[in-house]
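This report covers selected salt bridges, one helix and the arrangement of domains. The structure is shown below.

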Amino acid sequence: MNKRFYLTTAIDYVNGAPHLGHAYEKVLADVIARVHRSMGVEVFFLTGLDEHGQKVQQAAQEQGKTPQAYCDELAVQWLAFVQKLGLSNDDFVRTTDQRHKDVVQAILTKLHAEEQFYKKPYVGFYSVREETFLTEKDRNPDGTWDAKWGQVNELVEENWYFKLGQHQQWLIEYIEANPGFIQPDYRRNEVLGFLRSQNLEDLCITRPAARLSWGIPLPFDPAFVTYVWFDALVNYFSVPASLGDPAAAGVLGFRSRVSVPEAEASGNSQLATRNSQLSLWPADVHLIGKDILKFHAVYWPIMLKALGAPLPKTLLVHGWWQRDGAKLSKSTGNVVDPIAVIDEWGLDAFRYYLVRELGIGPDGNWTDAGFKSRYNAELANGLGNLLNRSISMLNKYRGGVVPTPSDELKAEAVIALKAIEEKLAGFDLQGALVEIWKEVNRANQYIEQTRPFSLAKDPAQAARLDAVLYNLVEICRILAVLLWPFIPATSEKIFAQLNVTGSPGDWKLAAWGGLQCGHKIGAPIPLFPRKDLVPK
Ligand code: MSP
């Protein structure tokens, strides 16, 4: 049984509409998943929803619904969003799934039995909005609470705590010894700085059910529900454990929920195959935003270590989008509606802009003018025009029939492929697109240099024209393969116009010389219809 490349995204809070930040992270993950699949790696790509907690309970109450009914309605929208983004995820987890709740409870039971938890009273302040306890340090200098905390209540309550102090030293050593664990480097340094400079406080892992009932009950003390972050982080593990992945299920003494013979007997052969073949844990990449790094780089590794499970290999941390230099905010109306952009410009244009504009790490800035300019310059005039001219000329001058192969641009294509692969190996998706566009621009420049339209006028240049036309359509075919992880529908359109069968999602096809002499291509159809250049 081969271990799959296991890739996850943060699970989004179900309350609130999907926005640009959510779309960005999910598209990045999808590109990474497709890169691996294209290269022949078996992938398991997980995304999903974070559904418990006080905010959901409150919002449901305000709408006169049960929290479950409220979540079920919103989950439909989120699933539609996954479709809209063209994600190739293998599973979609909701923290209200029974399979997830079972695993959270099993983990709590195990850690409780191993005396990792203790109960104590807490006296202090609590932010409802952030679902977190506040200390005096969190107050403004004038003694007030910052607006970001929302309503702050004074509380006296008992809760269960997870002993973190004993884990601090090994975690520091682990992060030091494993430079690839937190990427990019400056995020790793942030975590190390934090861990080296202060003692870890024990983590409160419960909320009293009397105050917050919308959570997973504590198996050993039903007066409490599980703190929403302890619950949410487990999603990465609960899916493999519930699917019978030995590395995850074994730690909990679980066997798969549907054992293989049972699945076979029930006629569910797909599930039987799936269960018998799944090996996922440890995760290869947890893709997350910078704001939730501490949960993933401190609490999550400690939870896993306490359980006796291996740690994920990489936390890949992306930055945050703004629009026009200001924070995205529903209340000020400074938002980008991903669905509206996709409806107007097409999914691939949206995916392209997100990945091309912002590499994984720094913060980014959406501007409508920037989006339109990339659309027109890079997609319509760059890639679209190259394909259109190449296909039109082959049709016009050679009846659409591919001439004898020529290797004129082969050496450059080989060098470009290597550069692209290097970028992809380092999760530099933006850098890979930059390299791919060097290829696009080179091919457009090749048209200007070789002037096939002039060659066509001179019968003595027939062999030269053959060579030029071959190089052009072959480059277009290779570009379709390289672009498939990023803009899969466009790649498929390129294959269709070249009348090439099969999927462009196979990296091996990026080798030079795929188009055979005598192959008949199809008709040109614009990939990215040109829009006016004036920003709205
Ligand atoms: N539910 C938690 C995550 C639990 S993971 C075990 C959560 N949800 S969220 O909906 O607030 O955010 C989901 C992801 O979107 C996070 O990785 C977050 O960083 C990312 N983004 C939210 N706003 C963003 C931007 N403006 N820009 C880029 N990503 C942003 O946190």
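## Salt bridges at helix H1

Asp12 has a relative accessibility of 8% and therefore counts as buried. In this predicted model, the side chain of Asp12 forms a salt bridge with that of Lys26, at 2.8 Å from N to O. The two lie in distant parts of the chain, Asp12 in strand E2 (residues 12-13) and Lys26 in helix H1 (residues 20-38), 14 residues apart. Lys26 is buried as well, at 3% relative accessibility.

Asp30 pairs with Arg351, with 2.7 Å between the closest N and O atoms. Because Asp30 belongs to helix H1 and Arg351 to helix H14 (residues 347-357), this salt bridge ties together parts 321 residues apart in sequence. Both Arg351 and Asp30 are buried.

## A salt-bridge network

Lys3, Asp284 and Lys313 are joined into one network by salt bridges that share partners. Within the Lys3–Asp284 pair, the closest N and O atoms are 2.7 Å apart. Lys3 is partly exposed, with 31% relative accessible area, whereas Asp284 is buried at 12%. The structure holds 31 salt bridges.

## Helix H12

Helix H12 (residues 293-307) should span 21 Å at 1.5 Å a residue, and its end C-alpha atoms are 21 Å apart, in agreement. A kink of about 30° lies at Tyr299, shortly before Pro301. Since 13 of its 15 residues are buried, H12 is largely enclosed by the rest of the structure. Gly308, just after H12, has a positive phi of about 85°.

## Domains

The chain is divided into domain 1 (5-318) and domain 2 (366-510). Their contact takes 12 residues from each domain. About 1200 Å² is buried between domain 1 and domain 2, with carbon and sulfur atoms giving 79%. Zero salt bridges are counted between domain 1 and domain 2.

Key
Residues numbered from 1 in each chain as written. Predicted model: local features only at pLDDT ≥ 70, side-chain atom pairs only at ≥ 80, totals over all residues. Heavy atoms only, no water. Helix = DSSP H or I, 4+ residues; strand = E, 2+ residues; numbered from the N terminus. Expected span 1.5 Å × (residues − 1). Bend = angle between axes of the 7 residues up to and from the residue. Buried < 20%, exposed > 50% of the residue type's maximum accessible area, 1.4 Å probe, protein only. Domains from an automatic or database assignment. Contact = heavy atoms within 4.5 Å. Buried area = accessible area lost by both parts, 1.4 Å probe. Salt bridge = Lys/Arg side-chain N within 4 Å of Asp/Glu carboxyl O.
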